[in-house]
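Please open the model in your viewer and keep the sequence panel visible beside it. The tour proceeds by selection: at each stop, select what is named and then read what is there.

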Amino acid sequence: EFSVRPEIMEFDPYKPGLTIEQIQAEYGLETVIKLASNENPLGTSPVVQKTIERNAARAFRYPENHTPRLVEEISRQVGVPEECVLVGNGSDEIIDMLFRMKAHPGRDNVVCYEHCFSMYRMCAKLAGVEYREVPRGKDFALPLDKMAEAADENTAMVIVTSPDNPTGQVAHVEDLAVLAGVLPKDCLLVVDEAYVDFTWPPESYTPVQAWDKFENLVVLRTFSKAYGLAGLRVGYGILPPALMARLKNARIPFTVNLLAEEAAIAALRDETFYNETLQLVMSGREYFADELKRLGCRVWPTQANFVMFQPPKNAMDVFQALLERGIIVRPLKSFGLPDCIRVNVGTKQENETFIKVIGELLRG
Ligand code: PMP
């Protein structure tokens, strides 16, 4: 027996998502389709692949600390000053940093809402910070007003995911501004925009103008979805300069690797791939919504690259039956939604196969 911090004792083993290889081996299948982790349906951009190959020989070098070239590119493309951009090993790392560096262990709390991305709870526990979960409204509406009520003088952050995972709904900028305005100045409003590229019409909270009024606004973005780099782990936060000044000295060096930095720069410049991704996702999610409704499922409106639905049969049984037929989707039991499933948009052919197979299951 070794002693560890009491918070660490409370962790259950992490269950990673199923991989294509696992399902191929388990069910003896040749072709398996994965629509479970909201990855890019087009794969890795060919331009990015070439960039990675070109830079492979430099892998023996340390990367430049804190990815200054990527920071510059993000600053230019997003239109925010360089001193606001914090790049991390996936946006997961930025979330973890905010919990560890902003919230005081044993004193502070963080306010989120139920059925949301599991990293927030995990990071709260790791950081020794109280996690407050506000109930959602009708039809899983984001409870922004209740979040404001739940915050007190020890609330370090209030976190909203927009578009929301797993429902796909968007928090409107005006409503977020109201929330930011009622929070204490030292309490951050963190808007996790992992899926923001897919919103139509565009609805993103680029904070530069908002900072005139609300200095407490932080926005998180990722290269894992629309830019197709989930495996390389790159994300970033746009933070108020005064907060960045505090955090930057305590950062662990070199968490973003050299190939990831080069790939992310190339991905930002590869407009063709990005636009093709958006088109595919937007038409695919409409197709899913229409077809799933036709099959008797309840479907929630989505602005992300996935759709949440409730099948007319037991969701875990449907998930299992899909697996046995070589299709991996995400059952939402671990989000506290045992009747629902999340499926991300794939290629046109993958989408059609999914609808055909789930159609057979639901009609049969
Ligand atoms: N935020 C949300 C809401 C997400 O769904 C995800 C990915 N599952 C992330 C953050 C993490 O993304 P990254 O790959 O950049 O760590």
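Begin with the two domains, coloured separately: the C-alpha centres of domain 1 and domain 2 lie 25 Å apart. Domain 1 comprises 6-44 + 272-363, and domain 2 comprises 46-269; such bounds come from an automatic or database domain assignment. Residues are numbered from 1 along each chain as its sequence is written. The model is predicted, and therefore local features need pLDDT of at least 70 and side-chain atom pairs count only at pLDDT 80 or more, whereas totals for chains, interfaces and linings use all residues.

**Stop 1: where the domains meet**

The contact between the domains takes 29 residues from domain 1 and 27 residues from domain 2. Two residues are in contact if their C-beta atoms, placed from the backbone, lie within 7 Å. On the side of domain 1 that touches domain 2, α12 and β10 each supply at least two residues. Helices (H or I, at least four residues) and strands (E, at least two) are DSSP runs, numbered from the N terminus. Which element gives the most to this side of domain 1? It is α12, with 6 residues. By class, this side of domain 1 has 15 nonpolar, 10 polar and 4 charged residues. Here Ala, Val, Leu, Ile, Met, Phe, Trp, Tyr, Cys and Pro count as nonpolar, Asp, Glu, Lys and Arg as charged, and the others, Gly among them, as polar.

**Stop 2: helix α12 and the sheet beneath the selection**

Select residues 271-294, which form helix α12. This helix lies across β9, β10 and β13 (341-344) and runs at about 10° to β10. For such angles, axes are lines fitted to C-alpha atoms, for helices over the stretch in contact, and angles run from 0 to 180 degrees between N-to-C directions.

Now add the strands: an open sheet of 4 strands has the order β9-β10-β13-β12, with antiparallel pairing. Two strands pair if DSSP finds at least two bridges between them. The edge strands, β9 (298-299) and β12 (330-331), each pair on one side only. Strand β9 is joined by 2 bridges to β10 (residues 306-310), and these two run antiparallel. Within this pair, V299 stands opposite F309 in β10.

**Stop 3: the sheet of seven strands**

Next, display the open sheet in which 7 strands follow the order β2-β8-β7-β6-β5-β3-β4, with mixed pairing. Its edge strands are β2 and β4 (130-134), each of which pairs on one side only. From one strand to the next, the twist averages 20°.

Select strand β7, residues 217-222. All of its residues, 6 of the 6, are buried, so the strand is largely enclosed by the rest of the structure. A residue is buried if 20 or more other C-beta atoms lie within 10 Å of its own, exposed if 12 or fewer, and partly exposed in between; C-beta atoms are placed from the backbone. L217, V219 and R221 point one way from β7, and V218, L220 and T222 point the other way. In a regular strand the side chains alternate between the two faces of the sheet.

Which way does each neighbour of β7 run, parallel or antiparallel? Strand β6 (residues 188-192) runs parallel to β7 and is joined to it by 4 bridges, while β8 runs antiparallel to β7, also with 4 bridges. On the β6 side, L189 stands opposite L217, and the bridge partner of D192 is L220. On the β8 side, V219 stands opposite I238.

Add helix α8 (residues 173-182), which lies across β5 (155-161), β6 and β7 and runs at about 155° to β6.

**Stop 4: helix α4**

Select residues 68-78, helix α4, whose buried residues are L70, E73 and I74. These cover an arc of only 100° around the axis, which puts them on the same side of α4; the arc is that of the directions from the helix axis to the C-beta atoms. Their cover includes β2 (85-88), β8 (235-238) and α11 (258-269). After α4 comes G79, whose phi is positive, near 80°.

**Stop 5: two residues of helix α5**

Finally, select L98, which lies in helix α5 (residues 91-102). L98 counts as buried because it has 26 C-beta neighbours inside 10 Å. Leaving aside neighbours within four places in sequence, L98 is in contact with M157 and V190. L98 and M157 are 59 residues apart in sequence and 8.7 Å apart in space, C-alpha to C-alpha.

D96 is also found in helix α5. With 18 other C-beta atoms within 10 Å, D96 is partly exposed. D96 and C123 are 27 residues apart in sequence, yet 5.6 Å apart in space, C-alpha to C-alpha.
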